[in-house]
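Me: Please take a close look at one part of this model: the surroundings of whatever is bound. Set it in the context of the loops and the overall fold.

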Amino acid sequence: MSDSTQERYRIGYALAAKKQQSFIQPSLIEHSRQRGIDLIKLDPTKPLSEQGKLDCVIHKLYDDDWKQNLLGFREKCPDVPVVDSPEDIERLHNRVSMLEVITRLKFPVSDSERERFGVPKQVVVMDPSVLSGGEGLGELEFPVIAKPLDADGSAVSHKMFLIYDQEGMKILKAPIVLQEFVNHGGVIFKVYVVGAYVKCVKRRSLPDISEEKIGTSKGSLPFSQISNLTAAQEDKNKEYGEDRSLEKVEMPPSSFLEELAKAMRKSMGLNLFNFDVIRDARDADRYLVIDINYFPGYAKMPCYEPVLTDFFWDMVTKKNHV
Ligand SMILES: O=P(O)(O)O[C@@H]1[C@@H](OP(=O)(O)O)[C@H](OP(=O)(O)O)[C@H](O)[C@H](OP(=O)(O)O)[C@H]1OP(=O)(O)O
Ligand SMILES: Nc1ncnc2c1ncn2[C@@H]1O[C@H](COP(=O)(O)OP(=O)(O)O)[C@@H](O)[C@H]1O
Ligand SMILES: [Mg+2]
Ligand SMILES: [Mg+2]
């Protein structure tokens, strides 16, 4: 609790309108306020050093003017933490460099832990003629998921296709990432990271594809942001007799996810991100990271207000950040 004589801290935020609406909720403002932290809306078009005292800056904006503004601020006020650096965030805007983070990890798994991790096999196709010419798969086999190479937050960057055969490739536009489809029981694990805090939740995913279905399916199937399936859609699934109840699905061991998250955080130099993990249906100890997102929808994480407030506190009192 704070009183009027106590020092107050100011966290400046620079977010797109939609993000601001979902993240800066009255409950978060109030929670932080009670801890002596005020959340201040920044004007990204004006120099940050002219927007009053700031004890920390958080942001999710990618244009060059904003990056210049941040650069100037970091030169003028090197002691104020900026969460996170645009250069480090940039790595997550490309679905190849994003997953390279995982393949390069030197993961300190203890002998007692059986869990292994990796990424699905994938190739990137830069040349449009490869898509129409019947090549491009390399050592991959159908079905594959086609993902736009850029993961820049645009609606189109979430537009995916499940591709069953060569004919289905014709719908694609380069540059595109082709990734092996891995059966995983229709559930993804979304692991939220907020500084040193780690929280895993379960979400719906694409259902497994049987050998029989692989043999009979043709062409391509478009989909987008499948894990944000609404409650109404969930009910509909149940109505159609689909009982893949999320509650029954076992979580990955928390010690494993915590170690993985910690190693990722150190390696990327980032504090605010989440990642999607699937469990290989053929090998229950094998986990595959398929996606890493900068500054995700934290309001959907349980207890987001105290968790974020604790993080802000650590930032302004200079503890615990990478
Ligand atoms: O909008 P939300 O709350 O669904 O959050 C999106 C995230 O959903 P999630 O929290 O993982 O369920 C979403 O995660 P996914 O890519 O769907 O795994 C992204 O982080 C998205 O940001 P961007 O469009 O990639 O810049 C996030 O969008 P922004 O809120 O940053 O626009
Ligand atoms: N290799 C894969 N195997 C099986 N399902 C996948 C694979 N990659 C992605 N998916 C499914 O597609 C969804 C979207 O893919 P993702 O890479 O997370 O893109 P986005 O950035 O739009 O969230 C995932 O949440 C998961 O349901
Ligand atoms: Mg995802
Ligand atoms: Mg993503």
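Reply: Helices (DSSP H or I, at least four residues) and strands (E, at least two) are DSSP runs, numbered from the N terminus. Asp79 sits in the loop between α3 (64-76) and β4. It counts as exposed, at 60% relative accessibility. The classes are buried for under 20% relative accessible area, exposed for over 50%, and partly exposed in between, with a 1.4 Å probe and protein chains only. Asp55 is 24 residues from Asp79 in sequence, and their C-alpha atoms are 8.7 Å apart.

The model is predicted, so local features need pLDDT of at least 70 and side-chain atom pairs count only at pLDDT 80 or more, while totals for chains, interfaces and linings use all residues. Residues are numbered from 1 along each chain as its sequence is written, chains are lettered from A and ligands numbered from 1 in the order in which they are written, and side-chain values use heavy atoms, leaving out hydrogens and water.

Now the frame. The chain has 10 helices and 14 strands. Its radius of gyration is 21 Å, close to the 20 Å that the globule rule gives for 322 residues, so the chain is as compact as a globular protein of that length. That radius is taken over C-alpha atoms, and the rule is 2.2 Å times the number of residues to the power 0.38. The C-alpha trace spans about 70 × 45 × 45 Å along its principal axes. Buried residues make up 46% of the 322. Of the contacts with a separation of 6 or more, 71% join residues 24 or more positions apart; contact means heavy atoms within 4.5 Å. The chain exposes about 16400 Å², of which carbon and sulfur atoms supply 51%. These areas come from the Shrake-Rupley method with a 1.4 Å probe; for residues, only the protein chains shown count as cover.

Next, ligand 2. A residue is near a ligand if one of its heavy atoms lies within 4 Å of it. On that basis 20 residues surround ligand 2, the closest being Lys147, His158, Gln179, Glu180 and Ser205. The shell divides into 11 nonpolar, four polar and five charged residues. Here Ala, Val, Leu, Ile, Met, Phe, Trp, Tyr, Cys and Pro count as nonpolar, Asp, Glu, Lys and Arg as charged, and the others, Gly among them, as polar. A polar contact with a ligand is a pair of N or O atoms within 3.5 Å. Three side chains make one with an oxygen atom of ligand 2: Arg95 at 3.1 Å, Lys147 at 2.7 Å and Ser205 at 2.4 Å. Taken alone, ligand 2 exposes 550 Å², and the protein buries 97% of that. Two or more residues of the shell come from each of β7 (144-148), β9, β13 (272-279) and β14.

Then ligand 1. Its shell holds 18 residues, and Lys18, Lys60, His158, Lys190 and Lys300 come nearest. His158 is thus on the nearest list of both ligands. The shell splits into three nonpolar, seven polar and eight charged residues. Polar side-chain atoms reach oxygen atoms of ligand 1 from Lys18 at 2.8 Å, Lys190 at 2.7 Å and Arg203 at 2.9 Å. Alone, ligand 1 exposes 600 Å², of which the protein buries 85%. The elements giving two or more residues to this shell are α1 (17-23), β10 (187-194), β13 and β14. Both β13 and β14 therefore serve both shells under the DSSP numbering.

Last, the backbone. Most residues other than glycine have a negative phi, and most peptide bonds are trans. Some places here depart from that. The stretch after β14 (286-294) is one: Phe295 lies in the loop between β14 and α10 (304-316). Its phi is positive, about 45 degrees, although it is not a glycine. Phe295 is buried, with a relative accessible area of 0%. Cys303 lies in the loop between β14 and α10, and it too is a non-glycine with a positive phi, about 60 degrees.

There are cis peptide bonds as well. The bond from Val83 to Asp84 is cis, with omega near -5 degrees. Asp84 falls in the loop between β4 (82-83) and α4 (86-90). Ala174 and Pro175 are also joined by a cis peptide bond, with omega about 0 degrees. Pro175 is placed in the loop between β8 (159-163) and β9 (176-180). β9 is also one of the elements that give two or more residues to the shell of ligand 2.

Notes:
Polar contact = N/O pair within 3.5 Å; in protein donor to acceptor, adjacent residues only side chain to side chain.
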